[in-house]
There are 2 protein chains.
Amino acid sequence: MRRVTLDDVASFAGVSPITVSRVLRKPDAVSEPLRQRVNAAVKELGYVPNVAASRLASARTHTIGVIVPTLYNVIFAEYLLALHEVLVDAGFQVVVVNSRYSEIEEENAIKALLGQRVEAIIIAGIHHTAHARQLLEHANLPVVETFELSQDPIDINIGMSQESAGQAATQHLIKRGFKRIAFLTGNLDHRSQSRLEGYHRAMREAGFEGFELVKQKPRHSAIALGSTLCAEMLKRGNIPEAIFCTDDNLALGAMQECRKRGIGIPSDISVIGFHDLEFAACASPSLSSIASRRYETGRLAAEKVLSAIQASSRPGGERIDLGFEVKVRESTGG
Amino acid sequence: MRRVTLDDVASFAGVSPITVSRVLRKPDAVSEPLRQRVNAAVKELGYVPNVAASRLASARTHTIGVIVPTLYNVIFAEYLLALHEVLVDAGFQVVVVNSRYSEIEEENAIKALLGQRVEAIIIAGIHHTAHARQLLEHANLPVVETFELSQDPIDINIGMSQESAGQAATQHLIKRGFKRIAFLTGNLDHRSQSRLEGYHRAMREAGFEGFELVKQKPRHSAIALGSTLCAEMLKRGNIPEAIFCTDDNLALGAMQECRKRGIGIPSDISVIGFHDLEFAACASPSLSSIASRRYETGRLAAEKVLSAIQASSRPGGERIDLGFEVKVRESTGG
DNA sequence: TTGAAAGCGCTAACAC
DNA sequence: GTGTTAGCGCTTTCAA
């Protein structure tokens, strides 16, 4: 049962193949009667064009490659949503690849996307293997790196300073008068690492000693992990005045653990999270957090890519800092 | 700056193109010395194979199409994660398309995927336009419909009875002794609709009168919507003894609204949600919910697809009910 | 406005 | 084990 091809449609309609192709791509270039005959034939035969052939012949794929470290994180879901909204509406296909927080997998993902001849790559993060970086630089297509700020962007870089954000969160706690401030995190990816550095910087500047608790995050339970981390910290006799969690889910878990133990928030311990997830504002107590602009990051990245493709020129090094915002709420006495 | 092709590699290595192709796809079929020369040439020239050409020539795409109504929902994120885990590891590429809860967009998505000659389609939901259904039936590839149970699956159907689940949730509340039970939902997609029907069935069987509150869900705030819906219901003087929310996020918002108004949960009003999201177990009060098996749905769908492709035969109508579980917690006095 | 010819970059099938 | 030939299904010239 051979699939129907463009040639089949052409013979059926009694026109040349190229006419069918034109009807499908630029109908205005074909006269009304032929157009109708072709459209009828397409419908009659149930013809579906083969994109692989079209891509090969035209050297255009109308595809954008996107690399994210994980699919299981609302942050990236929102970002992907924004990318989709802009790119799909502009007639592009989005291919999402998941690097699972591994630079090796990221390099493989880049190879796979290049093999597909994607017209641009949007990649979360600025840390790549040397070879990956080389591939991206030599690929001759627009590359957008997101979420972090790079000293040396490949092409375009859109993000925020994770370190400054970490510092700002910590400074907020310091301003509230706390000295014993703990830092809690799940897996220490580059972004959490930077936040941790910001935390240490703020603590150092204030003359305080920091202490962090890091624990690998199992796949499905950032909230539960927050409780676990918090419990562990308390069990060790490390009773802080305030906790900075690298993620709102962790913070929520930590708050629940405290509540379970009769520790008041913020009366006994203040808590600040990161990302300002939806529940933060309406949790109780409402959770202070650092608002990150992942939706805007996605939209802007997509728009930059579209204009670069339109201009068919590779954009020069551009760095856009979308910033962040400290949201002060009840969990830190706000 | 022409891209490096297989022919370039071949001349560089002094072998025929097909030998290069073999080294890349079945290295064992090529002698050691040639293999080394080819690999060196590939590296030296930075050759990246063109998948479009390969797909066209081999008539295999190693691509699976996946259609989901939205990307902005943890349920589908978990499901996609499971699909990715199985399919990517088996050497397939996953192309995800988002139908935005529209059957028309779903039909377009199907066309786009067929145009890409995906080797199987995994689609969330069982409700399609007549034309979409026809396309899927005639496409001669394995089709898996998920999340709901179909009377008449295209090929394979993996899911749960949304209606029974809605009924079970309601019956749980009825057993607790409640008569005035409200049903709260955001947008009424097919699955929520079925849950609503289950709710009405349970109420009817118990001889009670049901009342539902439906409101279109704006993109980013299921929790806030839950508060809004709850507030609206209370403002109208409709004070129920229990609330069944079609989603845990709504339930969380509703609980928060109640707390704000000094309404005790479960002392004044009981609340049950749906999906058993991560926070349900550790919210306070912990939230009763209906656990859905979306992760397993994803894995099983992917596995079924793989074995169908392996057998290169279209599977006959098969329906797999993965069931659900009523999780009784504090919010309904558990 | 329409068509003929050529070729995109790869692989299947068949020789050697 | 290696190469030759042909062709996958489209689109890009260029000519009419």
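Start with helix 5 of chain B and helix 13 of chain B, whose crossing is right-handed. Before you go further, keep in mind that this is a predicted model.

**Stop 1: the helix pair in chain B**

Select residues 74-89 and 294-311 of chain B: the axes of these two helices lie 7 Å apart, at an angle of about 35°. To see the contact itself, show side chains. On the helix 5 side, pick residues including B:Ile75, B:Tyr79, B:Leu83 and B:Val86, and on the helix 13 side, residues including B:Arg294, B:Gly298, B:Ala301 and B:Ala302. Coloured by class, this contact divides into 11 nonpolar, 2 polar and 4 charged residues.

**Stop 2: two cis prolines in chain B**

Stay in chain B and zoom to B:Ile265 and B:Pro266, which are joined by a cis peptide bond with omega of about 5°. B:Pro266 sits in the loop between helix 11 (248-260) and strand 9 (270-272) of chain B. Next, select B:Ser284 and B:Pro285, where another cis peptide bond has omega of about 0°. For B:Pro285, the setting is the loop between helix 12 (278-282) and strand 10 (289-292) of chain B.

**Stop 3: chain A and its domains**

Now move to chain A and colour it by domain: domain 1 covers 6-49, domain 2 covers 59-160 + 294-322, and domain 3 covers 162-293 + 327-332. Put a distance between the C-alpha centres of domain 1 and domain 3 of chain A, and you should find 62 Å. While you are here, centre on A:Ala59, in the loop between helix 4 and strand 1 (63-68) of chain A. The phi of A:Ala59 is positive, near 60°, in a residue other than glycine.

**Stop 4: where the chains meet**

Show both chains together. Here 41 residues of chain A are in contact with 41 residues of chain B. On the chain A side, elements that each supply at least two residues include helix 4, helix 5 (74-89), strand 2 (93-98) and helix 6 (103-115), and also helix 10 (222-235) and helix 11 (248-260). By class, that side of chain A has 20 nonpolar, 15 polar and 6 charged residues.

How are the two copies related? A turn of 180° and a shift of 0.0 Å along the axis lay chain A on chain B with an RMSD of 0.1 Å. That is the relation of a two-fold axis. To find the axis from chain A, select A:Ala52: its C-alpha is the nearest in chain A, 2.4 Å away. The copies meet through the same surface, because 100% of the interface residues of chain A are also interface residues in chain B.

**Stop 5: the DNA strands**

Select DNA strand C and the 25 residues around it; A:Ser31, B:Leu6, B:Ser21, B:Ala53 and B:Ala57 come nearest. Which helix gives the most to this surface? Helix 4 of chain B does, with 5 residues. Other elements that each supply at least two residues include helix 2 (17-25) of chain A and helix 1 (6-13) of chain B. The surface near strand C divides into 14 nonpolar, 8 polar and 3 charged residues.

Finish with DNA strand D, which has 24 residues around it, the nearest being A:Leu6, A:Ser21, A:Ala53, A:Ala57 and B:Ser31. The largest share of the surface near strand D, 5 residues, comes from helix 4 of chain A. Helix 2 and helix 4 of both chains each supply at least two residues. By class, the surface near strand D has 14 nonpolar, 8 polar and 2 charged residues.

Terms used:
Residues numbered from 1 in each chain as written. Chains lettered and ligands numbered in written order. Predicted model: local features only at pLDDT ≥ 70, side-chain atom pairs only at ≥ 80, totals over all residues. Near = placed C-beta within 6 Å. Helix = DSSP H or I, 4+ residues; strand = E, 2+ residues; numbered from the N terminus. Nonpolar A, V, L, I, M, F, W, Y, C, P; charged D, E, K, R; others polar. Domains from an automatic or database assignment. Contact = placed C-beta atoms within 7 Å. Least-squares fit on C-alpha atoms with pLDDT ≥ 70 in both. Axes fitted to C-alpha atoms, helices over the stretch in contact; angles between N-to-C directions. Left-handed = near helix turned anticlockwise from the far one by under 90°.
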